[in-house]
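Subject: Structure for your review

Dear colleague,

Please find below the structure that I agreed to pass on to you. My notes on it follow directly after.

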Amino acid sequence: MAHMDLSQERLCALLAPRPVRFFQQTPSTQDNARQWLHDDAPDGAVVIADEQIAGRGRLGRTWITPPGAALALSIILRPSPDHLSQITLLGAVAVAITVETFGVQPGIKWPNDVRLNGLKFCGILPEAVWDGSTLRGVILGIGVNVRVDFSLTEVATTATSLEPALGQPIDRAILARSILEQIDDWWPHLGTPALFQAWQTRLDMLGQNVTVQTFDGSIQGRAEAVNAQGALLVRQDDGTVQPILAGDVRSSG
Ligand code: BTN
């Protein structure tokens, strides 16, 4: 099944009536989706690839999508600008709830990595597309490691894949369908306490001592809570609480 689970025909059948474009290999599904958005893609249209050769992650990082080993998916959404910041929560909650159906408890590492046993198996990349001051849409990128072998890589101690973590084979097209169903289910809850709660209750680093790398430098302290805007509240040694809107959090023991 490893390489046969994704094809244009199978995805069209499983995801109907959602419009879908499948690429055996592409630089990044984010770019395919962006082009489609410019060509007036319908809401909810999705791009899926078997392999990305220039996949990208948050904070300018590279995202590896080897052939036959991962789910790389970009969904075209048109939220109201007021709900833009909620799209990242939507992606993380959709993936976490999908994986919970396998009988495990994934956690969300603030803001939006989805992890099992503290190891990341999914990253979320929301990219807003603007026409001047008008929001044209958002490309919600979701990358799930299904059977990527990280053992000889520099992320061997921080990353994992679903199949070894769950101990069972995963069909990537069925996984995509489940995640998209969750996104559809949660879409009406954008901007509501229900979505915020679903995200907040799954955050897995609250109460821990952390180091946060931000664009301005690094901050150390205890990750106490998140505020209504989704910012991480870090209490520093001098007692001050620093709200962090974007950054990379690491547990510092
Ligand atoms: C991160 O954790 O840094 C976010 C990773 C997002 C990866 C996905 S895979 C599908 C889509 N295409 C990309 O190039 N990136 C996103």
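Which residue stands opposite Ala223 in strand 10? The residue is Val234. Please bear in mind throughout that this is a predicted model. The pair just named belongs to one of two open sheets described in this message, and I begin with that sheet.

**The antiparallel sheet**

An open sheet is built from 5 strands in the order 11-10-9-8-12, and its pairing is antiparallel. Its edges are strand 11 (241-244) and strand 12 (248-251), each of which pairs on one side only. From one strand to the next, the twist averages 45°.

Within this sheet, strand 8 (residues 209-214) pairs with strand 9 (residues 217-226) over 6 bridges in the antiparallel sense. There, Gln213 stands opposite Ser218 of strand 9. Strand 9 also pairs with strand 10 (residues 232-235), again antiparallel, over 4 bridges. These two strands form a hairpin with 5 residues between them. Gly230 lies in that turn and has a positive phi of about 90°.

Strand 10 continues the pattern with strand 11, to which it is joined in the antiparallel sense by 4 bridges. Leu232 has Ile244 in strand 11 as its bridge partner, and Arg235 stands opposite Val241 in strand 11. Strand 10 and strand 11 likewise form a hairpin with 5 residues between them. In this turn Gly239 carries the positive phi, at about 90°.

When you inspect the side chains, a general point may help: in a regular strand they alternate between the two faces of the sheet.

**The mixed sheet and helix 1**

The other open sheet consists of 7 strands in the order 1-2-3-7-6-5-4, with mixed pairing. Strand 1 (20-26) and strand 4 (107-109) are the edge strands, and each pairs on one side only. The twist here averages 20° from one strand to the next.

At one edge, strand 1 runs parallel to strand 2 (residues 46-52), and 6 bridges join the two. Gln25 has Glu51 in strand 2 as its bridge partner. Helix 1 packs on this sheet, where it touches strand 1 and strand 2. The direction of helix 1 makes about 150° with that of strand 1.

Helix 1 (residues 8-15) also meets helix 5 (residues 172-186): their axes come within 10 Å and cross at roughly 35°. This crossing is right-handed. On the side of helix 1, the residues in contact are Arg10, Leu11, Leu14 and Leu15, and on the side of helix 5 they are Ala173, Ile174, Arg177 and Leu180. By class, this contact has 6 nonpolar residues, 2 charged residues and no polar ones.

**The ligand**

Which residues come nearest to the ligand? Of the 20 residues around it, these are Ser28, Gln52, Arg56, Arg58 and Lys120. Three separations between protein and ligand atoms may be of interest to you:

- Lys120: a polar side-chain atom lies 2.6 Å from an oxygen atom of the ligand.
- Arg56: a backbone N or O atom lies 2.7 Å from a nitrogen atom of the ligand.
- Thr29: a polar side-chain atom lies 3.1 Å from a nitrogen atom of the ligand.

**Backbone details in the loops**

Where do the cis peptide bonds described here fall? One runs from Ala16 to Pro17, with omega near 10°. Pro17 is in the loop between helix 1 and strand 1. Another cis peptide bond joins Trp110 and Pro111, with omega about 0°. Pro111 is placed in the loop between strand 4 and strand 5 (113-116).

Finally, Leu59 has a positive phi, near 55°, although Leu59 is a residue other than glycine. Leu59 is found in the loop between strand 2 and strand 3 (70-77).

With kind regards

Key:
Residues numbered from 1 in each chain as written. Predicted model: local features only at pLDDT ≥ 70, side-chain atom pairs only at ≥ 80, totals over all residues. Heavy atoms only, no water. Axes fitted to C-alpha atoms, helices over the stretch in contact; angles between N-to-C directions. Left-handed = near helix turned anticlockwise from the far one by under 90°. Contact = heavy atoms within 4.5 Å. Nonpolar A, V, L, I, M, F, W, Y, C, P; charged D, E, K, R; others polar. Pairing = 2+ DSSP bridges. Near = heavy atom within 4 Å. Polar contact = N/O pair within 3.5 Å; in protein donor to acceptor, adjacent residues only side chain to side chain.
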